[in-house]
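Me: Hi! Could you walk me through this one? I'd like to start with how the helices pack.

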Amino acid sequence: MSAKQNWNPELYEGRHSFVWQLGQGILELLNPLPGESILDLGCGTGQLTNEIASSGAKVTGLDSSPDMIGQARQNYPKLRFVLGDAAGMQFENEFDAIFSNAALHWMLDPAAVARSMIRALQPGGRLVAEFGGQGNIGQIVESWRAILPTYSNGAPVVARTYFPSISEYAGILEQVRFEVRFAQLFDRLTPLEGERGMENWLRQFGWYNFEPLPPEKRHSALGEVIAYLKPKLYRDGQWFADYRRLRIIAVKKNA
């Protein structure tokens, strides 16, 4: 995950378990086999890393957040977790597969990440990933753009996430010698936990947009964003995040 995003492992595990629970589908596509060497890229607090390990695979979890890696090591002390940035990985032909769930959209230099991934894989190795695709959290982004400039003297909201189309991301992978075997972009309206579900989501995944505001204005701005979103993403006592996910399976060419 991006070093620019601050992560709260307690809030992540306590209120956002859907992140790894919804990773079950992509984990099935990975189909890890006993003895395989697998990299979990953007492993967070390690829940899916542990599930990969339970298959008998030799797994390494990598994340750029010291807090997340620290929590992962506490959660699963027998597994290998590495603190590092995906764009600067130094692995060479080490892995049979790279798995990534809900992480690649935090990595703002996708070409550098693709080069690191292809270098880390053995020939014939596979990439199996799911992350935010084109149009992801469209309503939430719209609320930021509508509300937050009024609290920052008109300064525009700066994108700190990467939500590509199928063709854009497939092109990046193909430039570094991946062969894309499968790609799917789909809507996933995702329920958030509790009456404060949207507030908790914004504090965990979108607070970087509030941090540039004067401290005394952040609470008011947060309240106004939530009010803006309520007619759109609150239904029958339930908050939702308007996710759109991109699934990719690609293979490193032998030559």
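**Helix packing and cores**

Reply: Happy to! H6 and H8 are oblique to each other, because their axes cross at roughly 45 degrees, and oblique covers angles between 35 and 65 degrees as well as those between 115 and 145. Keep in mind that this is a predicted model.

Me: How close do the axes of H6 and H8 come, and what is the hand of the crossing?

Reply: The axes come within 9 Å, and the crossing is right-handed.

Me: Which residues meet there, in H6 and in H8?

Reply: From helix H6 (110–120), you have Pro110, Ala111, Ala114 and Met117. They meet Tyr169, Ile172 and Leu173 in H8. By class, that contact has seven nonpolar residues, with no polar and no charged ones.

Me: Cool. Which residues touch the most other members in the largest nonpolar core?

Reply: That core has 29 residues, and Leu41, Met117, Tyr169, Leu173 and Phe178 touch the most other members. Strand E1 (37–41), strand E4 (95–101), H6, strand E5 (121–132), H8 and strand E8 (238–252) each supply at least two residues. H6 gives the most, with five.

Me: What does Leu173 touch?

Reply: Leaving out residues up to four places away in sequence, Leu173 touches Ala114, Met117, Leu127, Phe178, Val180, Ile248 and Ala250. There is also a second, separate core of 28 residues, and Trp106, Ile147, Leu192 and Trp201 are among them.

Me: Switching topic: at what angle do H9 and H10 pack?

Reply: Helix H9 (residues 197–205) and helix H10 (residues 215–233) pack at about 125 degrees, with their axes 10 Å apart. That makes H9 oblique to H10. H9 passes H10 in a right-handed crossing.

Me: And which residues make that contact between H9 and H10?

Reply: Met198, Glu199, Leu202 and Arg203 in H9 meet His219, Leu222, Val225, Ile226, Leu229 and Leu233 in H10. They divide into seven nonpolar, one polar and two charged.

Me: What about Val158, buried or exposed?

Reply: Val158 is exposed, because its relative accessible area is 55% and the cut-off for exposed is over 50%. You'll find Val158 in the loop between helix H7 (138–147) and helix H8 (166–175). Its C-alpha atom is separated by 37 Å from that of Gln122, 36 residues apart along the chain.

Me: Last one: which residues are buried in H4?

Reply: In helix H4 (residues 47–54), Gln47, Leu48, Thr49, Ile52 and Ala53 are buried. Have a look just after H4 too, where Gly56 takes a positive phi of about 100 degrees.

Technical notes:
Residues numbered from 1 in each chain as written. Predicted model: local features only at pLDDT ≥ 70, side-chain atom pairs only at ≥ 80, totals over all residues. Heavy atoms only, no water. Helix = DSSP H or I, 4+ residues; strand = E, 2+ residues; numbered from the N terminus. Buried < 20%, exposed > 50% of the residue type's maximum accessible area, 1.4 Å probe, protein only. Core = buried A, V, L, I, M, F, W, Y, C linked by side-chain atoms within 4.5 Å. Contact = heavy atoms within 4.5 Å. Axes fitted to C-alpha atoms, helices over the stretch in contact; angles between N-to-C directions. Left-handed = near helix turned anticlockwise from the far one by under 90°. Nonpolar A, V, L, I, M, F, W, Y, C, P; charged D, E, K, R; others polar.
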